[in-house]
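Here's a walk through some helix packing and sheet pairing, with the structure on hand to follow along. Keep in mind that we're looking at a predicted model.

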Amino acid sequence: MAQKEWAEKDYYADLGVSSTAGADEIKKAYRKIARENHPDANPGDAAAEERFKKASEAYSVIGDKDHRKEYDEFKAMLASGGFTGQGFGGAGQGFRGGYGTGGTGGFTTGGSTADFSDIFGGGTGGGFSGGFSGGLGDLFGDMFSGAADGGAGAGASAGGGGRRTSRRTRGADVETEITLDFREATKGVTVPIRLTNAAACTTCHGSGAAPGTEATRCSTCSGSGFVSENRGAFGFSRPCPDCSGTGTRIEDPCSDCGGSGRRTRTRTITVRVPAGVVDGQKVRLAGQGEAGERGRPAGDLFVTVHVRPDRVFTRSGDDLEITVPVSFTELVLGGTITVPTLDSRVRVRIPQGAADGTTLRVRGRGVSKRNGASGDLLVTVKVSVPKDLDEGAMSALRRYAEEEKRSGFDPRANWDGR
């Protein structure tokens with residue numbers, strides 16, 4: 001999107017956040033709007049689809065640290081009259097003086113001082129001197145007119161010879177979410193995901209040119225994307241106004257996408273979630289985000305994975321944990337029990353005289369690791385006390401209790417009950 005279109009946008013309002021909102025607050029607001037207004041959840045609802053598109057566009061700008069900085073500076077300049085004939089910051093607020101050799105200097109925009117190199121694509125020093133003020137809008141304003149998103153930066157130098165930097169940008173990154181069962185997350189799974197965003201136009205295959213035609217080199221800038229201009233002691237390079245800094249022109253644009261090379265459409269892609277993913281982890285799919293304009297690279301897709309709890313297993317790193325009920329006699333006498341794993345069941349030996357709450361380790365039956373190995377299964381045994389015993393069982397327990405006392409066993413012998 002061209003910077004000049006930002007003048008009509010209030011991306012913070014589109015997401016319902018303030019201009020001072022943090023990155024996490026912005027992300028949370030975007031996810032809420034996207035979830036509530038996604039076309040899949042609101043089929044046929046044009047208003048919801050429009051809110052979804054506006055939120056996606058807003059997040060692609062203020063959800064990115066660098067784009068947000070550009071957007072904020074651009075809006076601040078507009079608010080302070082930075083693009084008027086009076087120069088940046090209004091009359092008498094242009095450059096404020098005394099640039100020494102090798103210095104970067106500064107200029108005032110609405111009462112704040114900005115680095116001179118920010119405006120000219122990032123230079124380091126200077127050779128500028130004197131106290132310029134007012135009336136510089138005509139001199140510098142052309143650098144910002146017609147600069148399309150992903151077009152070109154501008155450069156300036158004393159005595160001609162401008163510094164030029166091309167900023168061919170890719171499409172915006174896209175975020176979405178999926179929810180998996182515990183066992184799917186630990187073993188890995190392939191899932192389809194439906195996305196509605198800017199994708200390459202299927203008619204022109206992303207070129208922006210009508211089928212059978214192609215973009216031609218811009219004659220104004222000879223394909224460089226820049227035009228140069230000398231004004232007195234200064235030489236400037238700015239984005240070509242005829243091709244918006246792309247270096248090419250489309251004489252016969254695609255009728256379906258209007259020459260942008262992309263259209264909003266719904267598509268289904270397959271996501272391979274690796275084994276062992278944890279709740280909240282993101283899976284990145286390179287090149288599966290929004291398509292770039294006119295054949296530029298697509299952004300990336302980031303899939304946040306949520307994991308449902310399991311009724312049997314919990315996780316500790318790459319180890320699986322399970323609690324198994326056992327009887328008192330199984331702990332006293334020892335024995336073998338059968339417990340589940342992610343794949344099958346295994347037999348676990350309880351040593352004679354094991355205490356309640358003892359944890360037993362089964363090697364290699366946990367979560368698979370990236371190196372091919374696996375964590376362990378940790379089995380904690382917990383005594384289950386019977387509530388209804390017949391008279392025979394109760395009589396046997398009384399005889400056991402008498403023998404236990406006679407043997408001298410005292411369960412509280414080493415217990416400090418103060």
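## The four-strand sheet

Let's start with one pair: Glu-321 has Leu-378 in strand 18 as its bridge partner. A second pair to pick out is Thr-323, whose bridge partner in strand 18 is Thr-380. Both belong to a picture in which strand 14 (residues 319-326) runs parallel to strand 18 (residues 377-383), with seven bridges between them.

Thr-380 turns up again when you look towards strand 17, since Thr-359 stands opposite Thr-380. Here the sense is antiparallel: strand 17 (residues 359-362) pairs with strand 18 over four bridges. Put together, the strands make an open sheet of four, ordered 13-14-18-17, with mixed pairing. Strand 13 (314-316) and strand 17 sit at the edges with a single partner strand each, so each has one side without a neighbour in the sheet. From one strand to the next, the twist averages 35°. As a reminder for reading side chains here, those in a regular strand alternate between the two faces of the sheet.

## The three-strand sheet

There's also an open sheet of three strands, in the order 4-12-11, and its pairing is mixed too. Its edges are strand 4 (174-180) and strand 11 (282-285), each of which pairs on one side only. The twist in this sheet averages 25° from one strand to the next.

Strand 4 and strand 12 (residues 301-307) are parallel partners, joined over seven bridges. If you want a landmark, take Glu-175, which has Phe-302 in strand 12 as its bridge partner. Now look for the helix on this sheet: helix 3 lies across strand 4, strand 11 and strand 12, and runs at about 70° to strand 4.

## Helix 3 against helix 4

How are helix 3 and helix 4 packed, and at what angle? Helix 3 (residues 23-37) packs on helix 4 (residues 46-62) at about 155°, and their axes are 9 Å apart. That angle makes the two helices roughly antiparallel. Their crossing is left-handed.

Which residues of helix 3 and helix 4 meet? On the helix 3 side you'll find Ile-26, Lys-27, Tyr-30, Ile-33, Ala-34 and Asn-37. Facing them from helix 4 are Ala-48, Glu-49, Arg-51, Phe-52, Ala-55, Ser-56, Tyr-59 and Ile-62. By type, the contact has nine nonpolar, two polar and three charged residues. The spacing of such a list is easier to read with one rule in mind: an α-helix has 3.6 residues a turn, so residues three or four places apart point the same way.

## Helix 4 meets helix 5

Helix 4 has another neighbour in helix 5 (residues 65-79), and here the axes come within 6 Å and cross at roughly 95°. The pair is therefore roughly perpendicular.

The residues that touch are Ser-60, Val-61 and Ile-62 from helix 4, with His-67, Arg-68 and Tyr-71 from helix 5. That set divides into three nonpolar, two polar and one charged. Ile-62 deserves a second look: this helix 4 residue meets helix 5, and it is also listed in the contact with helix 3.

## Helix 10 and what follows

Last stop is helix 10 (residues 391-406), a run of 16 residues. From first C-alpha to last it reaches 23 Å, close to the 22 Å expected at 1.5 Å a residue. Just after helix 10 comes Gly-408, with a positive phi of about 95°.

Conventions:
Residues are numbered from 1 along each chain as its sequence is written. This is a predicted model: local features need pLDDT of at least 70, side-chain atom pairs count only at pLDDT 80 or more; totals for chains, interfaces and linings use all residues. Side-chain values use heavy atoms; hydrogens and water are left out. Axes are lines fitted to C-alpha atoms, for helices over the stretch in contact, and angles run from 0 to 180 degrees between N-to-C directions. Angles under 35 degrees count as roughly parallel, over 145 as roughly antiparallel, 65 to 115 as roughly perpendicular and the rest as oblique. A crossing is left-handed if the near helix is turned anticlockwise from the far one by less than a right angle, and right-handed if clockwise. Contact means heavy atoms within 4.5 Å. Ala, Val, Leu, Ile, Met, Phe, Trp, Tyr, Cys and Pro count as nonpolar, Asp, Glu, Lys and Arg as charged, and the others, Gly among them, as polar. The expected span of a helix is 1.5 Å times one less than its number of residues. Two strands pair if DSSP finds at least two bridges between them.
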